[in-house]
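Thank you all for coming. I would like to take a few minutes to walk through one model, going from the whole chain down to single residues.

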Amino acid sequence: MAEGQVRTGRARWVQLLVVVVVALGWAAAPLASAGAADAPGTISGRVTGPNGDPVGPSSGICALLGNSSSGWSNLAADGTYTLTNVEPGVWSVKFEYCSSSAVRTYAPEYYPDIHVRTGAALPNISVAAGQTVTGIDAQLEVGGTIKVKAVDPANAPLADLCVSAEDPPDAVGIPSVGNLPTVGSGMTAADGTATLSGLPTGDYFVLVRECDFAHPVHIGLARYQYLGGGFDQGTAARVLVAPGVTVTPTVTVSAGATVTGRVTRAGQPVGGTCVYWDGRDKAEEISTTTDADGNYTLRGITPTVPGKVYACGTATTTTTWYPQASSRWTADPTPFAPGSTQVRDIQLQSINTVGVIIRGLPNPTGCEVVVTDNLGNVQRVGLRPTALAQAYVADAFGLPSAARSANLECGGKRVGVGQVPDSSTPFWQNWFPQPAVISIAYDVAGPAINATPSVVGRWSRTPVTVSFSCTDAGSGVASCPAPVVLGEGQAVWVSATDKGGNVSWIPVGPALVDATPPRPAITGDGRTFKKGQPLALGCDMVDDRSGLAWVRSDCPAWGSTSLPVGTHRFTVTASDWAGNVTTTTATITIVK
């Protein structure tokens with residue numbers, strides 16, 4: 001790969017900028033418009049060692065733009081480098097190994113002399129359009145070294161195991177964005193040692209593991225082991241690494257556990273079927289095959305890590321988990337002591353088997369799962385507790401046909417309904433028969449009913465059509481009310497039902513419907529008054545339902561004496577709150 005970066009078009013570089021900024025969690029300067037303001041810039045500098053000697057290409061060190069593997073430069077013999085075609089913005093530069101075969105001597109770092117992300121310190125190099133930024137130099141320090149020795153419980157060296165140094169997570173349990181990647185990895189030699197060099201200053205977890213879990217080199221031992229005896233970082237010891245210092249920890253790999261047993265069906269041995277120990281993830285599985293008499297042995301199980309043992313199904317039987325569980329979801333994981341041997345006989349079950357998971361059950365007393373198959377046969381199964389609060393499991397074996405439903409009953413009342421199958425169950429084991437798994441949520445509350453539009457607080461001149469939507473966080477909605485039409489003053493109750501049989505009711509109404517317009521309330525209409533006589537004329541409206549929203553009138557005020565001789569007609573208009581409008585008139589005569 002040639003030194004520097006070949007520019008292949010603005011679209012690719014925009015994408016690169018976005019990827020780098022998102023990956024690092026840093027804000028970059030906005031891109032300028034096309035043309036001169038968008039011209040790429042250049043970053044250059046020189047890399048030296050602790051004594052000022054140039055760090056050249058044989059070191060395996062490259063200069064990288066941020067965390068990008070696309071924006072990079074080899075080092076020249078005098079330690080100089082140039083990053084070209086750098087989009088305008090704010091960037092970081094990292095000095096990291098780009099050769100997997102290099103002898104790791106120097107500790108990687110960010111400019112300037114930063115070995116971990118330190119808040120606002122990164123990114124720290126501004127590049128304007130067309131600008132050449134020089135002097136981005138680095139003086140690398142000799143990295144620390146961990147020389148790990150792996151031994152068995154008898155202190156004999158263990159060869160051909162993979163060894164790595166892992167960065168501790170940050171306060172929230174996630175490796176810090178911007179941390180320099182771990183450069184420590186290797187394989188133990190005949191004397192059990194592996195040397196991890198060029199490590200930045202810091203503390204590390206040291207892990208020794210089989211390089212290939214499926215084909216272990218040391219079958220009787222645990223598949224992996226952290227320094228300090230733990231099987232995860234939470235119980236592992238840390239190693240502090242300083243520049244130029246070598247530490248020599250010893251990792252004692254624990255004796256693995258062993259499980260033996262016999263697989264039968266209806267009391268008869270099942271030969272040639274697979275048996276698994278299922279650990280924390282698929283990579284940790286251990287498998288074997290039963291002999292002609294159904295016997296099996298699983299060796300090298302990681303101790304203290306809870307796991308499950310199961311036998312693979314056949315054409316007529318389903319996979320069965322020890323001791324009698326129909327699925328990985330209803331089987332209880334158990335830990336194994338280092339060097340221990342346990343006997344676990346497994347009897348394969350009928351293909352018509354179902355496992356049930358119950359969640360949110362506050363009290364299991366008097367509760368059972370009622371499973372019905374496609375032929376209408378019913379099987380009642382008791383609950384088993386799990387390590388999770390308010391979570392229980394049940395298994396129904398040997399149904400005459402496939403499961404159709406599974407309900408949770410407590411005290412003879414149905415309080416939850418299951419679905420077949422549970423689409424949320426992530427089955428990745430699909431090369432042998434799998435049982436159905438049903439999930440049931442404890443549910444004694446009916447659905448929530450929402451009415452649209454609301455008949456409260458808003459008046460209408462015409463009948464109101466009210467529609468309904470329903471939600472149910474438990475077993476799900478079985479029925480929701482149909483729309484109803486409510487006239488003036490009408491009210492109804494509506495109900496909804498969930499799949500667990502719970503019913504909810506809500507009142508709807510009385511409807512705020514007012515189809516009657518305001519009516520006149522005129523005093524003195526048609527009367528004759530002498531000129532100068534105080535008028536007894538009152539122009540008003542009344543509304544008996546929604547009430548008056550407004551009244552407009554040109555009638556003179558009560559008691560007025562200013563009208564001239566003649567006949568006078570006045571107009572009164574009013575609206576109620578439903579929008580009904582009435583207009584009327586009042587007539588009076590003035591004489592001498």
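What follows is a description of the chain as a whole, then its empty spaces, its aromatic rings and a few loop residues.

Let me say at the outset that this is a predicted model, in which local features need pLDDT of at least 70 and side-chain atom pairs count only at pLDDT 80 or more, while totals for chains, interfaces and linings use all residues. Residues are numbered from 1 along each chain as its sequence is written, and side-chain values use heavy atoms, with hydrogens and water left out.

The protein chain holds one helix and 50 strands, where helices (H or I, at least four residues) and strands (E, at least two) are DSSP runs numbered from the N terminus. Of its 592 residues, 46% count as buried, and by buried I mean under 20% relative accessible area, with exposed being over 50% and partly exposed in between, using a 1.4 Å probe and protein chains only. The accessible surface comes to about 27100 Å², and 54% of that belongs to carbon and sulfur atoms; these areas come from the Shrake-Rupley method with a 1.4 Å probe, and for residues only the protein chains shown count as cover. If we take the contacts with a separation of 6 or more, 66% of them are between residues 24 or more positions apart, a contact being heavy atoms within 4.5 Å.

Now to the empty spaces. Rolling a probe the size of a water molecule over the atoms shows where empty space is left. Here the work is done on a 1 Å grid over the protein atoms alone: a cavity is a set of points where a 1.4 Å probe fits but cannot get out, a pocket is an open set with protein on both sides within 12 Å along at least five of seven lines, and lining residues have an atom within 4 Å of a point. Grid points are joined across faces, edges and corners, and a volume is the space filled by probe spheres set on the points.

The largest pocket contains about 320 Å³ of space. It is lined by 13 residues, of which Trp329, Thr386, Ala387, Leu388 and Val393 are the closest to its centre. Two elements, strand S31 (354-359) and strand S35 (391-396), give two or more residues to this lining, and S31 gives the most, with three. By type, the lining divides into nine nonpolar, two polar and two charged residues, where Ala, Val, Leu, Ile, Met, Phe, Trp, Tyr, Cys and Pro count as nonpolar, Asp, Glu, Lys and Arg as charged, and the others, Gly among them, as polar.

As for cavities, the count comes to three of 30 Å³ or more. The second largest cavity holds about 40 Å³, and the residues that line it include Arg209, Glu210, His218, Arg223 and Tyr224. Strand S15 (residues 202-210) gives the most to that lining, with three residues, and the whole lining divides into seven nonpolar, one polar and three charged.

Tyr224 also brings us to the aromatic rings. The structure has seven aromatic pairs, meaning rings of Phe, Tyr and Trp (its six-membered ring) whose centres lie within 6.5 Å, with planes under 30 degrees apart counted as stacked, over 60 as edge-to-face and the rest as tilted. Phe213 and Tyr224 form an edge-to-face pair, 6.3 Å centre to centre with 80° between the planes. Phe213 sits in the loop between S15 and strand S16 (224-226), and Tyr224 in strand S16, 11 residues apart. Both are buried, and ring pairs link them with Phe231 into a cluster.

Which backbone features deserve a look? Most residues other than glycine have a negative phi, and most peptide bonds are trans. A cis peptide bond joins Tyr111 and Pro112, with omega about -5°, and another joins Gly509 and Pro510, with omega about 0°. Pro510 lies in the loop between S44 and S45, as does Ala511, which is buried at a relative accessible area of 0% and touches, among others, Val455, Leu486 and Arg545.

Finally, Asp160 has a positive phi near 65° and is partly exposed at 39%, whereas Ala266, with a phi of about 55°, counts as exposed at 61% relative accessibility.

Technical notes. Lists of a residue's contacts leave out its neighbours within four places in sequence.
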